[in-house]
Amino acid sequence: MKAARFDYVRAATADMAVDALARGAVALAGGQSLIPLLNTRSRRPEVVVDVSRLPLTGVEQDGSTLVLGALTRLRAAETSPVVRRAVPLLAEALTHVGHVSVRNRGTVGGSVAHADPAAELPAVCLALDAVFTAQGPSGTREVAARDFFRGPHRTALASDELLTGIRVPLPPPTARHGIAELSRRPNDLAITAVFTSVTLTDRVVAEARIAVAGAAPTPIRAHAAEELLRGQALTPDVLTAAADAAAAATDPVDDVHAPATYRRDMTAVLTRRALRQAVAG
């Protein structure tokens, strides 16, 4: 199919983009998510505002925070020495996002704003307590990742707001991470994926973060599993209990890719794998 007819506007400034959004336009950044939706006519906007030329790119460390412009290409973030050094969980997770050709065009802000519950970047942002910056007619505001994702392809962004940046608190230098993902083919969207960050003190868990993609209408944090791990040595019994708690936090659905029970069971399996990977360093 081909896209339905629409008007095209290229925004020269963020204010111009916000003005177009306020009049019902949809934003085009890298196009890796929007263009397929237009071509299948799942989206039929009257106006598309191209924001890809706005100066909202770049990666930098600002004290204890990693700052990413919303239009930073996924591949640029993945290969950034700053990201690899400061937040290695994010750098590794980005290698799972589509293929290199997709990451060369797709943007970090576009991936987050698309809010696919099976996508890697939203779940990683949730695990890392990221904060999103949005610009609207009334100015800018910040939204914590825990409040940002509202449902499949639904976020806290108003229709007239543009995502402009992502701020990620740096994990402690001793934090170790693990990623375990199940997909039909390499770099497909996850059937289920688990992202973990663990800080150990004398082989005891001082801090744990577990986020799951593909097993609920939004990415989720397995808070009960995290709490269970704190203050514990990662024995097989503790790993199993945490994995079961992570699975219990999910709310999967049956679809053409997998039944809900399979996704829940695989969440437990992948949580154990990701935690073991983190402990192994």
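**Exercise 1. The largest pocket**

Task: In this predicted model, find which element gives the largest share of the lining of the largest pocket.

Solution.
Step 1. Start with the space itself. The largest pocket has a volume of about 1,200 Å³.
Step 2. Look at the lining. It holds 46 residues. Ala 27, Ser 33, Gly 110, Ala 113 and His 114 lie nearest the centre of the pocket.
Step 3. List the elements that give two or more residues to this lining. They are strand S2 (26–28), H2, helix H7 (108–114), strand S9 (154–155) and S10.
Step 4. Pick out the largest share. H7 provides it, with five residues.

**Exercise 2. The cavity**

Task: State how many cavities of 30 Å³ or more there are, and which residues line the largest cavity.

Solution.
Step 1. Recall the method. Rolling a probe the size of a water molecule over the atoms shows where empty space is left.
Step 2. Count. There is one cavity of 30 Å³ or more.
Step 3. Give the volume. The largest cavity holds about 40 Å³ of space.
Step 4. Name the lining: Leu 68, Leu 90, Leu 94, Val 108, Leu 121, Cys 125, Ile 166 and Val 168.
Step 5. Assign elements. Helix H5 (88–94), H8 and S10 each give two or more residues to this lining.

**Exercise 3. The nonpolar cores**

Task: Describe the largest nonpolar core and name the residues with the most contacts inside it.

Solution.
Step 1. Recall the trend. In soluble globular proteins, nonpolar side chains tend to be buried together.
Step 2. Take the largest core. It has 43 residues. Leu 90, Val 112, Phe 132, Ile 166 and Phe 195 have the most contacts inside it.
Step 3. Ask which element gives most. Helix H8 (residues 120–127) supplies the largest share, six residues.
Step 4. Look for another core. One of 27 residues lies apart from the largest. Its members include Ala 180, Val 194, Val 198 and Ala 208.
Step 5. Follow one residue of the largest core. Leave aside neighbours within four places in sequence; Ile 166 then touches Leu 66, Val 67, Leu 68, Val 108, Val 112, Cys 125, Ala 130, Val 131 and Phe 132.

**Exercise 4. Strand S6 and its partners**

Task: Work out which strands pair with S6, and why S6 is largely enclosed.

Solution.
Step 1. Recall the bonding. Strands of a sheet pair through backbone hydrogen bonds, either parallel or antiparallel.
Step 2. Take S7 (residues 139–144). It pairs with S6 in the antiparallel sense over six bridges. Here Gln 135 stands opposite Thr 140. A hairpin of two residues joins S6 to S7.
Step 3. Take S10 (residues 162–169). Five bridges join it to S6, and the two run antiparallel. Ala 134 has Leu 163 in S10 as its bridge partner.
Step 4. Check burial. Buried means under 20% relative accessible area. Five of the six residues of S6 (residues 131–136) are buried, so the rest of the structure largely encloses S6.

**Exercise 5. A four-stranded sheet**

Task: Give the strand order of the open sheet that contains S11, and find its edges.

Solution.
Step 1. Read the order: S11-S12-S13-S14, with antiparallel pairing.
Step 2. Find the edges. S11 (176–182) and S14 (220–221) each have a single partner strand, so one side of each lacks a neighbour in the sheet.
Step 3. Check one pair. S13 and S14 pair over two bridges. Ala 211 is bridged to Arg 221 in S14.

**Exercise 6. Helix H11**

Task: Test the span of H11 against 1.5 Å a residue, then find what covers its buried residues.

Solution.
Step 1. Compute the expected span. Use 1.5 Å times one less than the number of residues. For the 13 residues of H11 (residues 236–248), this gives 18 Å.
Step 2. Compare. The end C-alpha atoms are 18 Å apart, which agrees.
Step 3. List the buried residues: Val 238, Leu 239, Ala 242, Ala 243, Ala 245, Ala 246 and Ala 247.
Step 4. Find the cover. It includes helix H10 (223–229) and helix H12 (260–280).

**Exercise 7. Two arginines**

Task: Arg 41 and Arg 203 have a positive phi. Place each in the chain and classify its exposure.

Solution.
Step 1. Arg 41 has a phi of about 60° although it is not a glycine. It lies in the loop between helix H2 (34–39) and strand S3 (47–50). Its relative accessibility is 34%, so Arg 41 counts as partly exposed.
Step 2. Arg 203 has a phi of about 65°, again without being a glycine. It sits in the loop between strand S12 (192–201) and strand S13 (204–213). With a relative accessible area of 75%, Arg 203 is exposed.

Terms used: Residues are numbered from 1 along each chain as its sequence is written. This is a predicted model: local features need pLDDT of at least 70, side-chain atom pairs count only at pLDDT 80 or more; totals for chains, interfaces and linings use all residues. Side-chain values use heavy atoms; hydrogens and water are left out. Buried means under 20% relative accessible area, exposed over 50%, partly exposed in between (1.4 Å probe, protein chains only). Two strands pair if DSSP finds at least two bridges between them. Contact means heavy atoms within 4.5 Å. A nonpolar core is a set of buried Ala, Val, Leu, Ile, Met, Phe, Trp, Tyr and Cys residues joined through side-chain atoms within 4.5 Å. On a 1 Å grid over the protein atoms alone, a cavity is a set of points where a 1.4 Å probe fits but cannot get out, and a pocket is an open set with protein on both sides within 12 Å along at least five of seven lines; lining residues have an atom within 4 Å of a point. Grid points are joined across faces, edges and corners, and a volume is the space filled by probe spheres set on the points.
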